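This report describes one protein chain. It moves from overall makeup to the core, then to a helix and the loops.

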Amino acid sequence: MAFSARIFGYKCRALFSAAKVTPEIAAAKSTAAAKPKAPRRNTGILKVQPVSPALAKFLGSAEASRTDAVKKVWAYVKSNNLQNPANKKEIYCDDTLKEIFDGNDKVDFLGVAKLLSSHFRKTT
């Protein structure tokens with residue numbers, strides 16, 4: 001503080017003290033905090049899109065976001081104990097998952113989103 005006082009002069013203490021806030025600064029801070037935030041739009045992987053009939057049958061709805069689809073697939077895998085116990089990155093596909101994953105017997109967990117992407121229709 002002493003070093004900065006030599007550089008900035010006696011006004012340095014006013015710069016470093018938090019107690020000296022002018023009414024104009026306080027009013028500006030309160031109006032900035034009072035503004036309501038605009039609701040966030042769901043875009044990208046959060047955007048709800050129409051899905052293929054096979055995925056719609058699995059999810060139970062004709063529209064879903066990519067994140068919701070992956071979450072529901074993982075919930076299904078965990079509830080039916082379809083993970084490889086030796087390698088948790090592998091999923092064993094039963095008949096329901098084979099419809100979604102192009103008839104594959106095993107799927108790597110990184111490939112789930114890639115295989116699901118073909119079920120989402122592109123919208124403009």
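Buried means under 20% relative accessible area, exposed over 50%, and partly exposed in between (1.4 Å probe, protein chains only). The model is predicted: local features need pLDDT of at least 70, side-chain atom pairs count only at pLDDT 80 or more, and totals for chains, interfaces and linings use all residues. Residues are numbered from 1 along each chain as its sequence is written, and side-chain values use heavy atoms, with hydrogens and water left out.

**Overall makeup**

The protein chain has seven helices and four strands. Helices (H or I, at least four residues) and strands (E, at least two) are DSSP runs, numbered from the N terminus. Along the sequence the pattern reads α-α-α-β-α-β-α-β-α-β-α. Of the 124 residues, 23% count as buried. Contact means heavy atoms within 4.5 Å. Among contacts with a separation of 6 or more, 31% come from residues 24 or more positions apart.

**The nonpolar core**

In soluble globular proteins, nonpolar side chains tend to be buried together. A nonpolar core is a set of buried Ala, Val, Leu, Ile, Met, Phe, Trp, Tyr and Cys residues joined through side-chain atoms within 4.5 Å. Here the largest such core has 21 residues. Those with the most contacts inside it are L55, F58, V73, L97, F101 and L116. The elements that give two or more residues to this core are helix 4 (53-59), helix 5 (66-79), helix 6 (95-100) and helix 7 (111-117).

F58 shows who meets whom. Leaving aside neighbours within four places in sequence, F58 is in contact with K72, V73, Y76, T96, L97 and I100.

**Aromatic pairs**

Rings of Phe, Tyr and Trp (its six-membered ring) pair if their centres lie within 6.5 Å; planes under 30 degrees apart count as stacked, over 60 as edge-to-face and the rest as tilted. The structure holds two aromatic pairs. F58 and Y76 form an edge-to-face pair, 5.3 Å centre to centre with 80° between the planes. This pair links distant parts of the chain, with F58 in helix 4 and Y76 in helix 5, 18 residues apart. Both F58 and Y76 are buried.

W74 and F109 form the other pair, also edge-to-face, at 6.5 Å centre to centre and 65° between the planes. W74 lies in helix 5 and F109 in the loop between strand 4 (106-108) and helix 7, so the pair ties together parts that are 35 residues apart in sequence. F109 is partly exposed, because its relative accessibility is 33%.

**Helix 5**

Does the span of helix 5 agree or disagree with its residue count? The expected span of a helix is 1.5 Å times one less than its number of residues. The 14 residues of helix 5 should span 20 Å, and its end C-alpha atoms are 20 Å apart, which agrees.

A69, V73, Y76 and V77 of helix 5 are buried. Seen down the axis, the buried residues of helix 5 fall within an arc of 100°, so they line one face of the helix. The arc is that of the directions from the helix axis to the C-beta atoms. An α-helix has 3.6 residues a turn, so residues three or four places apart point the same way. The buried residues of helix 5 pack against helix 4, strand 3 (90-92), helix 6 and helix 7. K71, K78 and S79 are exposed on the other side of helix 5.

**Loop residues**

Several residues outside the helices deserve a look. Three have these accessibilities:

| Residue | Loop | Relative accessibility |
|---|---|---|
| N81 | between helix 5 and strand 3 | 64%, exposed |
| Q83 | between helix 5 and strand 3 | 15%, buried |
| D102 | between helix 6 and strand 4 | 56%, exposed |

N81 follows helix 5. Its phi is near 55°, a positive value in a residue other than glycine. D102, likewise not a glycine, has a positive phi near 60°.

The side chain of Q83 reaches the backbone oxygen of K88 at 2.8 Å. This is a polar contact (a pair of N or O atoms within 3.5 Å; within protein, one must be able to donate a hydrogen and the other to accept it, and residues adjacent in sequence count only if both atoms are side-chain atoms). Not counting residues up to four places away in sequence, Q83 touches W74, V77, K78, K88, E90 and Y92.

K89 is found in the loop between helix 5 and strand 3. With a relative accessible area of 47%, K89 is partly exposed. Leaving aside neighbours within four places in sequence, K89 is in contact with V107, D108 and F109. The C-alpha atoms of K89 and L110 are separated by 7.9 Å, and the two residues lie 21 residues apart along the chain.
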